[in-house]
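This report looks at a sheet, the helices that lie across it, and some aromatic rings. Please keep the sequence and the model in view while reading.

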Amino acid sequence: MKRHQLANEIIKTTSLKERFLAYVKEDTQAVGGSETFPSSPKEKILGEKLVAELKGLGIGNAEMDSNGYVYAQMPSNCGVKKKVAFIAHMDVATDCAGEGVKPVIHENYNGSAIKLNGGTVIDPEDSTDLKKCIGDTIITSDGTTLLGADDKAGIAAIMSMVEYLQKHPEIKRPEIRVCFTPDEEIGRGVDFIDLKKVDADFAYTFDGGFPYEVNYENFNAYSAKVTLKGVSIHPGYAKDKMVNAIRYAGKFVDMLPKTMSPERTHNREPFIHPVGITGGSEEVTVSMILRSFVPEDIDREKQIILNIIEVLTAEEPRLQVTTAFNQSYLNMYEIMKDKMFVYDYVKKAIEDLGAEPEIHPIRGGTDGARLSFMGLPCPNIFAGGVNFHSQKEWVALENIGLAAAVAVKIVENVK
Ligand SMILES: [Zn+2]
């Protein structure tokens, strides 16, 4: 694919490739259910290295706090008061092996299927973005682990932006903030972030996929628990007395609309997804997640659940049902719709690079969504990686360069 020459210049004149390869070799896999923060002490090892690297680039105030967050600040060189933060996460996903990553470099990619160890094949027929990267430097794992471009490509892009700006003091820039976070993959990425230390007016996470993806909308997310309590009695003497909660839990799940499931929906369609069922004949709890882009759909989903319960309890009045709905996270668009200037900088940056942003609503959450509701509007920008959370993860070095180029252009455009 055609890319603006700034991306190539960043690859040629900064240590982008070396630093990305060094980051992915660092074991920073998050640990679900861990009692500590960060969830793995290894995340802090990368954090310390990033602080040392920032200092080496001349950012003397770089520091890591006791929770493993890395913060750094670059002052404006032209009196622009606006403060822009660039954020990426240091941990990698827990979905597949993430320790002992051995990156493999495929120079001048020829367009064929990439065969790796352990029978892992990255086929351009499945991963069609590969076809756009013929001639590029493709980086994969050896096939036995994930790669960790999610989100070390984001860190490498931000670091190379810093290096490039230090080498180009003639580029007028606002106040710049850098923040690297732990434990994003287990949903805790901003649990202990210190927004005073971030000290920014708005921010960007570089945690998206292929160029030129930009996200400023994500799911509204709720969890729902429905507990059905029956009547328990010795099965030998149960005639006309027992109410078996398992039978009603089965009916309940069966009555959930099947077209409104993750496996039957995409784009902006909402879903109700049963994720767990526990209990016995006396009492059963069904756990679900509710997802939608608009709050009205969440209300509709709650009503669907309540209507099913009404049908069941009308059929069997002795069945006792309790429900609990809890908010998990909200669509950042609720905040972003009044702060679209933050997105406009990205749009202009990508247009300056001769391309158009591709706006995708995220069928999930982002740290940026939580940050937006904490008062720091924060859309998400591509970092280059593809096939996240799997042994088939890959990234074109040129696309990390593009992400760094977008960051440089944002800096140039914030006046
Ligand atoms: Zn990520």
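Which residue lies over the face of Phe-293, and at what distance from the ring centre? In this predicted model, the residue is Arg-268, at 5.9 Å from the centre of the Phe-293 ring.

**Aromatic rings**

Searching the whole structure gives 15 aromatic pairs. Ring pairs also build a cluster, whose members include Phe-86, Phe-202 and Tyr-204. Phe-206, Phe-341 and Tyr-345 belong to this cluster as well.

**The sheet**

Four strands form an open sheet in the order S12-S13-S11-S14, and their pairing is antiparallel. Strand S12 (271-279) and strand S14 (320-329) are at the edges; each has a single partner strand, so one side of each has no neighbour in the sheet. On average, neighbouring strands of this sheet are turned by 20° against each other, with direction ignored.

As general background, the strands of a sheet pair through backbone hydrogen bonds, and the pairing is either parallel or antiparallel. Strand S11 (residues 220-229) and strand S13 (residues 283-292) run antiparallel and are joined by ten bridges. One residue pair shows how the two strands match up: Ala-224 has Met-288 in S13 as its bridge partner.

**Helices across the sheet**

Two helices lie across strands of the sheet, as listed here.

| Helix | Residues | Strands it lies across | Angle to S13 |
|---|---|---|---|
| H6 | 245-255 | S11, S12 and S13 | about 15° |
| H7 | 295-315 | S11, S12, S13 and S14 | about 155° |

Edge strand S14 is among the strands that H7 lies across.

Key: Residues are numbered from 1 along each chain as its sequence is written. This is a predicted model: local features need pLDDT of at least 70, side-chain atom pairs count only at pLDDT 80 or more; totals for chains, interfaces and linings use all residues. Side-chain values use heavy atoms; hydrogens and water are left out. Rings of Phe, Tyr and Trp (its six-membered ring) pair if their centres lie within 6.5 Å; planes under 30 degrees apart count as stacked, over 60 as edge-to-face and the rest as tilted. A charge sits over a ring if NZ of Lys or CZ of Arg is within 6 Å of the ring centre and within 35 degrees of the ring normal. Two strands pair if DSSP finds at least two bridges between them. Axes are lines fitted to C-alpha atoms, for helices over the stretch in contact, and angles run from 0 to 180 degrees between N-to-C directions. Contact means heavy atoms within 4.5 Å.
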